[in-house]
Amino acid sequence: MTGTPTAGTAEPAHVPQHTRPVNRWTVLVVLCSSLLLVALDATVLHVAVPAVTEDLHPGAIQLLWIVDAYPLVAASLLILFGTLGDRVGRRRVLLMGYGLFAGASAIAAFAPSAHILIAARALLGVGGAMIMPATLSIIRQVFPDRRERAVAIGIWTAVAAVGAAVGPVLGGFLVEHFWWGSVFLVNIPLMAVMLPLGRWLLPESRGEQDGPWDVFGALTAAAGVLGAVLGVKDLGGGHGSGRLGGIVPLLVGVALLVMFVRRQRRREHPLIDMRMFSRPAFSTSVGCIVLAMLALVGLELIAVQYLQLVLGLSPFSTGLRLLPLTFAAMAAGLFGSRLLQRLGPRTMVSLGFLLTALAVLGLTVMGQHDRPWLLTGGFVLLGFGLEMTLFGAYESMLSEAPAAQAGGAAAIGETSYQLGAGIGIALLGSVMNAAYAPGLARVPGVPSSSSAEAAKSLGEAYDVSGRLGGPAGAALRHAARHSFVHGLHMTLFVSAGLLLLGAVAALRLPRVMECGAAAAAAVAGIPAQADPAEVPARERALAR
């Protein structure tokens, strides 16, 4: 999304005349409120998964899609809606996203089947794709000073952690007192507040519009992301690598993504300037974001099922158990600016990966019995380390991107986050299924048909064991719990390996955080010796 106006860019022609100066911290509050909504919906369903399984009886792949449709659809459409916002107005697209979010939430709340729930979650992903690109690109625009921008990004990441905290706790409370569909209804009153608030407080802005909008390129990118991840998910469902249903979408998706990259390199006015990836700090930051989410988001979903189905905790208690992880992430976000200035991007991101890997390996001692202090300590270390990693990577990515390409950089960062999260659920879910299913193949007294049904998920195994009853049912239940814990350990080891790989990759980041006068001028898009009087009044108002 090149051509996005930023603070300090001397091109005010495409900003409507009615746009009034807005204090940058007020803008940050509105953007963080939008992020809170998106983060809340990404996690609020996790503790409701067992209730959804009991009511709608989805298969293992359907269950993954119920959780995964939202981030995958959002990731695939970020570039499309980000560039559309540059053309028709970012605030306009943002408000449209709010409306779609509310409508899709109502459909999801009363979905009578797994297929309709998946479709509603996909619509929520479309709404999320309309909302998300504005947050980081506007932060990059209204905070030209890197130190202030680091503080803003720290608040932004802390708010994301708040959404992750509120989601499971709120979801658990609603599931216990109402029904699983109520976790979606919470979006509607939030939308009722955000729509007028965003319309009143957010200034409208557009890009430079210096060339035709590459609609074909945007659709190619969307189809490529969906195809690639669809293939990964299908192959990860335990069907084997020879299944054409998984190989064909994967190959088509990769081919479309390659076509998209080549197309952007040839175009005079590309959607995404691929030259940004030639900067080691930028490409490394993007890779670190993908690796962090790849390693941990799928693990979070499995951990929620472990807490409820193995340890027998209620949905609300499960949400409370996850609070230490989120509070630690909030603390890391709020203090991230100071840590980054003191440690530098390279040390901060690498250390964050190492702390997170240590926490994940420590959790491998979890078994079929509750160890609350161990879980709490592991979650605290995990949350703090993960937030250090994401904060350092996001800040380095945005600061490395040229100011004129802030919108494109924001779309890349958000796409990397969502794509890493979606593939992570598929990858770690596949590892979990591969380790879990064999343990139920030969359970004494259990028919092969019942074993095959129980191998779909731990929730299904509990249902089958209840129907069997007697010694066979008890044996199946015990085998399923043991196999699930074994699968959890395997996913923890795979996750730790990915995190250690990220720690090595982060060594390519800059050693120190550049905040000198020349760096600040470059960030703002102003020549180092420019007279402040030459900066347009509109830009100074936005940067106030």
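**Review note: contacts and packing in the predicted model**

1. Let me open with one residue: Arg267 is partly exposed, its relative accessible area being 24%. On that scale, buried is under 20%, exposed is over 50% and partly exposed is in between, with a 1.4 Å probe and protein chains only. Please keep in mind that this is a predicted model, where local features need pLDDT of at least 70 and side-chain atom pairs count only at pLDDT 80 or more, while totals for chains, interfaces and linings use all residues. Numbering runs from 1 along each chain as its sequence is written, and side-chain values use heavy atoms, with hydrogens and water left out.

2. For the overall picture, the protein chain has 21 helices and 0 strands (DSSP runs numbered from the N terminus; helices are H or I with at least four residues, strands E with at least two). Of its 544 residues, 58% are buried. Among the contacts with a separation of 6 or more, 83% join residues 24 or more positions apart (contact: heavy atoms within 4.5 Å). The accessible surface is about 20,600 Å², and carbon and sulfur atoms account for 67% of that (Shrake-Rupley method, 1.4 Å probe; for residues, only the protein chains shown count as cover).

3. Salt bridges come next, and the whole structure has 4 of them (a side-chain nitrogen of Lys or Arg within 4 Å of a carboxyl oxygen of Asp or Glu). One of them joins Arg263 to Asp214, with the closest N and O atoms 2.8 Å apart. Arg263 belongs to helix H10 (residues 244-266) and Asp214 to the loop between helix H8 (187-201) and helix H9 (215-235), so this bridge ties together parts 49 residues apart in sequence. Asp214 is buried, at 2% relative accessible area.

4. The carboxylate of that residue has another partner: the side chains of Asp214 and Arg267 also form a salt bridge, at 3.5 Å from N to O. Because Arg267 lies in the loop between H10 and helix H11 (280-310), while Asp214 is in the loop between H8 and H9, the pair ties together parts 53 residues apart in sequence.

5. Further along the chain, Glu453 and Arg467 form a salt bridge whose closest N and O atoms are 3.0 Å apart. It ties helix H17 (residues 448-454), which holds Glu453, to helix H18 (residues 458-468), which holds Arg467, across 14 residues of sequence. Glu453 is partly exposed at 27% relative accessible area, whereas Arg467 is exposed at 56%. As for shared partners, salt bridges join Asp214, Arg263 and Arg267 into one network.

6. On to the rings: the whole structure contains 4 aromatic pairs (rings of Phe, Tyr and Trp, the last by its six-membered ring, with centres within 6.5 Å; planes under 30 degrees apart are stacked, over 60 edge-to-face, the rest tilted). Phe110 and Trp179 have ring centres 5.7 Å apart and planes at 35°, so their pair is tilted. This pair links distant parts of the chain, 69 residues apart, with Phe110 in the loop between helix H4 (90-109) and helix H5 (114-142) and Trp179 in the loop between H6 and H7. Phe110 is exposed at 55% relative accessibility, and Trp179 is partly exposed at 33%.

7. Phe277 and Phe282 make an edge-to-face pair, 5.4 Å from centre to centre with 85° between the planes. The partners sit in contrasting surroundings: Phe277 is partly exposed at 33% relative accessibility, but Phe282 is buried at 0%.

8. Phe110 and Trp179 turn up again, together with Phe173 and Phe178, in a nonpolar surface patch of about 440 Å². (Patch residues have over 30% relative accessible area and no salt bridge; like charges are joined within 9 Å, nonpolar side chains, meaning Val, Leu, Ile, Met, Phe, Trp and Tyr, within 5 Å.) Phe178 lies in the loop between helix H6 (146-177) and helix H7 (182-185) and is exposed, at 53% relative accessibility.

9. Finally, a helix contact worth a look: Gln62, in helix H3 (residues 60-88), is partly exposed at 22% relative accessible area. Setting aside residues up to four places away in sequence, Gln62 touches His57, Ala114, His115 and Ile118. Gln62 and His115 are 53 residues apart in sequence, with their C-alpha atoms 7.9 Å apart in space.
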